[in-house]
Amino acid sequence: MLPYRLVYHEGYDLRLGEHVFPAQKYRYIHDRLLRDGFATAEDFVRPEPAADADILAVHEPGWVQRLQTGTLSYQEVMRLEVPYSRELVEAFWLAAGGSMLAARLALGQGIGFNVGGGFHHAFAGHGEGFCAINDIAVAIRAMQRGGCIRRVMVVDCDVHHGNGTAGIFAGDTSVFTLSIHQFNNYPTEKPPSSLDIHLPDGMGDEEYLHRLGNGYRAAMAMFHPELLIYVAGGDPYCEDQLGGLSLTLEGLQERDRLVIRTALNSHVPVAIVLAGGYAVNVQDTVTIHANTAHVAKEMLEEAGWQA
Ligand SMILES: [Zn+2]
């Protein structure tokens, strides 16, 4: 049995049909981890959908109500860039419940892995860029309200800036947001994170790891979080359709090692969420996310984590 749990639900699939967002990737990753013998059925846990109270601790009541009643304006649906459906709303509530569960499991086992989530473009009062509910923020608020922790760091390595997360936690000294992203990419407007590492187009493994390591280690030394949320986006990959960085599969694995090892060595538990990944070949996206699960096991064993 794995030394940590994989949080997964069939309902994570956003059922988008033909769309650049491969919403079926969650099932593919689940299947790959089983088929490769990395995990067995017992390693997976099913989340409950987040309670409305948990969602409302982050999101504005009007936005939540319009999502639940299917009364979004035309402009709101356009901004979301995914077609509205009942299943879509259920999938976002499940993803938030999944990230909450992954965070809670991380506090006990060192790692919690949501095979979903990472919807970092969702703001308190609107959604955009395929993201309606910010599961990262929902998980953080739930852990803080639970009373066991206060200081949380988000390390967002998706190729796109974590604008929603940055907006939600602006001015909140209990949450440190770090975003490392391609500057010349969506979103055009980037509300400041606690630390933004803006990268030029085409950056490769070595320089990326150098820039991330410097910023992240300095932030860790200064902030001392009690929980880290790792937004392990697969879209900095060189063959990504929506990304313009040039990381290799090996470079992305090295990135996973850097983020997870640094936290565990400082006795900071890590909750992992997936975020984007739009490789030309969807199986590369599956490999990138599956590799993160492998690295998490490797790092947990290396650290000899004791709950
Ligand atoms: Zn992205």
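Modeller: Quick starter before we dig in: donors are N, O and S atoms within 2.8 Å of the metal. Keep in mind that this model is predicted.

Colleague: Okay, what spacing do the donors of the zinc ion follow along the chain?

Modeller: The protein donors come from D158, which is listed twice through OD, plus H160 through ND1 and D235 through OD. They lie 1.9 to 2.7 Å from the zinc ion. Read along the chain, the spacing is D-x1-H-x74-D.

Colleague: And how many residues apart are H160 and D235?

Modeller: H160 sits in the loop between β4 (152-156) and α7 (163-168). D235 is in the loop between β7 (227-231) and α9 (249-265), so this pair links distant parts of the chain, with helices and strands taken as DSSP runs. The gap is 75 residues.

Colleague: Is D235 buried or exposed?

Modeller: Buried means under 20% relative accessible area. D235 has 0% relative accessibility, so D235 counts as buried.

Colleague: What do we call the site of the zinc ion, going by its angles?

Modeller: The angles among its four donor atoms run from 53 to 152 degrees. Four donors count as tetrahedral if all angles lie between 85 and 135 degrees, and square planar needs opposite donors over 155 degrees apart. The site is therefore neither, and the name is irregular.

Colleague: Switching to salt bridges, which residue does E128 meet in one?

Modeller: Side chains of opposite charge can pair when their charged atoms come close. E128 is buried at 8%, while its partner is in helix α4 (residues 74-80), 49 residues apart. The N to O distance is 3.6 Å, and the partner is R79.

Methods:
Residues numbered from 1 in each chain as written. Predicted model: local features only at pLDDT ≥ 70, side-chain atom pairs only at ≥ 80, totals over all residues. Heavy atoms only, no water. Donors = N, O, S within 2.8 Å, 3.2 Å for Na, K, Ca; no water. Tetrahedral: all angles 85-135°; square planar, octahedral: opposite > 155°, others 65-115°. Helix = DSSP H or I, 4+ residues; strand = E, 2+ residues; numbered from the N terminus. Buried < 20%, exposed > 50% of the residue type's maximum accessible area, 1.4 Å probe, protein only. Salt bridge = Lys/Arg side-chain N within 4 Å of Asp/Glu carboxyl O.
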